[in-house]
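Visitor: Could you take me on a close look at one helix, and then show me how it sits in the rest of the chain? I'm happy with detail.

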Amino acid sequence: MRHHNHFFLITYITIFCFLVLLIPLYGDPAVVFWTSKVMLLTGFPYDPVCSKNVMHAIGSSELILCVRAPLYYLLLGFFGDYYKFFLISLFSIYSFFQALLAREMNTRLSAISLMLPPIYLLFSRTYVDGLTTVISASLILAILWKDKPSKFPELLLFLCPLLMVLVRETAMLFPLFLVILLLFRRRVSKDFGLMMAGWLTGMILYGIFIKASSGAVYSDFQPHLPSHFEIYAAVMNVLTPILPWEVHKEDIVAYLPLQIADQSIVGLMTTVIRVMVNILSIFVLMPIVFFFRRWKDIDQVVKSQLVFGFLMVGGVLFVKGYIDFFRHTSYLLAVAAPIVEIGLHEVERGSKVVAHIIRGAYVILFLLWSMRVIRLFLSGYSFDACTYLLKRPEIASKWFFYETACK
């Protein structure tokens, strides 16, 4: 059984890495890659898309460039056209860290536990958040290892918070994690000081960087009370890579080898798939729910990360909305794989049949996502940065945007 688990795990990781190689530059990934080229050229990651939002928020008619946290864009720009190998490396490191964390939590790592939908979305589409997840996971491991006879964990305790600030703007709220950890542990130790020192150093460096860029910190906040649909949509963004309301008749026809003339049949198939995706999402959620039956046995550090992650994603729903909600699960995914595995084991203790159905749901959703990736690859679609730039005259005058988009 153990050999079978290793075989399926390696097979899944291999297939995932292959799919990453197929995904063309489109949408958000294309803008991220474009920004990395700007970073390489100017030393600053000026974001061509969010500049309008920053300008509107400040209430100025003068163009104010939006500047992102620099570290990821620097690494991506360094890899250049070979950036997909960087993504594969990130996912491989993440999988290794999850295996180490699973061992610390007295469980195993399986292919299913690495199929939580945001995992392959973050490591193939949102890019920056994948690095956030890796750094968060390494920090959790460093805290768990801090009592081991090595100075390496102490170095990570300082470096990880520093790097998080330089990767993702939301890491400014990292002290919230320390407060939660203090509430669980009820004692202050040396690791708190190291993490706080790392975070403060990162904030100082980040502030100097933004000041030198003459730009504005990225912010696209729209505080509001989420509607029932927004809450539903946010949850679905996490539990399935195929959003039910984005499944259309044209999509169904595009996947079929033969054209179906009867539109009523296509309409029925569309409805069936939408319902199926909703049902599958419930099965994806079940291991996470059942995990909390073991809450008392879970290490305080992992508990702290979970509470911090839930507060972060919950807060995002109120200040930003549900669009691309899955990208903000990066802090939760730092400990996701062993949580799914423990929850699945709890389900299996009650019913092996239900556990197998849940595994099947994870696999089906991964296959649906794989089909979409293959279709996107075969379509030959890619984002045309130059065409987009010409539609934005307010930024087209900037030489570095033109150089990186149209030459």
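Guide: Here is a walk that starts with one helix and then moves out to the fold, the cores, the rings and a few single residues.

A word on the ground rules: this is a predicted model, so local features need pLDDT of at least 70 and side-chain atom pairs count only at pLDDT 80 or more, while totals for chains, interfaces and linings use all residues. Residues are numbered from 1 along each chain as its sequence is written, and side-chain values use heavy atoms, with hydrogens and water left out.

Let's start with helix α16, residues 336-350. Helices here are DSSP runs of H or I with at least four residues, strands are runs of E with at least two, and both are numbered from the N terminus. The 15 residues of α16 should span 21 Å at 1.5 Å a residue, and the end C-alpha atoms are 22 Å apart, which agrees. That expected span is 1.5 Å times one less than the number of residues.

How many of the 15 residues of α16 are buried? The count is 11, so α16 is mostly covered; buried means under 20% relative accessible area, exposed over 50%, and partly exposed in between, with a 1.4 Å probe and protein chains only. The buried ones begin with a run of Ala336, Ala337, Pro338, Ile339, Val340, Glu341, Ile342, Gly343 and Leu344, and Glu346 and Val347 are buried too. As for what lies over them, the cover includes α5 (83-104), α13 (263-291), α14 (300-319), α15 (330-333) and α17 (352-379). Contact, here and below, means heavy atoms within 4.5 Å.

Now step back to the whole chain. It has 20 helices and three strands. Its radius of gyration, taken over C-alpha atoms, is 22 Å, close to the 22 Å that the globule rule (2.2 Å times the number of residues to the power 0.38) gives for 407 residues, so the chain is as compact as a globular protein of that length. The C-alpha trace spans about 70 × 60 × 40 Å along its principal axes. Buried residues make up 52% of the 407. Among contacts with a separation of 6 or more, 76% are between residues 24 or more positions apart.

What about the inside? In soluble globular proteins, nonpolar side chains tend to be buried together. A nonpolar core, for our purposes, is a set of buried Ala, Val, Leu, Ile, Met, Phe, Trp, Tyr and Cys residues joined through side-chain atoms within 4.5 Å. The largest one here has 126 residues, and Tyr12, Tyr72 and Phe177 have the most contacts inside it. Setting aside residues up to four places away in sequence, tyrosine 72 touches Val32, Phe86, Leu87, Leu90, Tyr127, Val128, Leu131 and Leu166. Another core lies apart from the largest one; it has eight residues, including Met236, Val247, Val266 and Val277.

The rings are worth a stop as well. Rings of Phe, Tyr and Trp (its six-membered ring) pair if their centres lie within 6.5 Å; planes under 30 degrees apart count as stacked, over 60 as edge-to-face and the rest as tilted. That rule gives 36 aromatic pairs. In one of them, phenylalanine 44 and tyrosine 46 have ring centres 5.9 Å apart and planes at 45°, so the pair is tilted. Both phenylalanine 44 and tyrosine 46 are buried. Phenylalanine 229 and tyrosine 322 make an edge-to-face pair, with 5.6 Å centre to centre and 85° between the planes. This pair links distant parts of the chain, 93 residues apart: phenylalanine 229 is in helix α11 (residues 228-239), and tyrosine 322 is in the loop between α14 and α15. Phenylalanine 229 is partly exposed, at a relative accessible area of 39%. Ring pairs also link a cluster that includes Trp34, Phe44, Tyr46, Phe209 and Trp399.

Finally, a few single residues. Isoleucine 210 is found in helix α10 (residues 190-213) and is buried, with a relative accessible area of 9%. Beyond its neighbours within four places in sequence, isoleucine 210 is in contact with Val67, Gly215 and Val217. Serine 214 lies in the loop between α10 and β3 (216-217), has a positive phi near 60° though it is not glycine, and is exposed at 66% relative accessible area.
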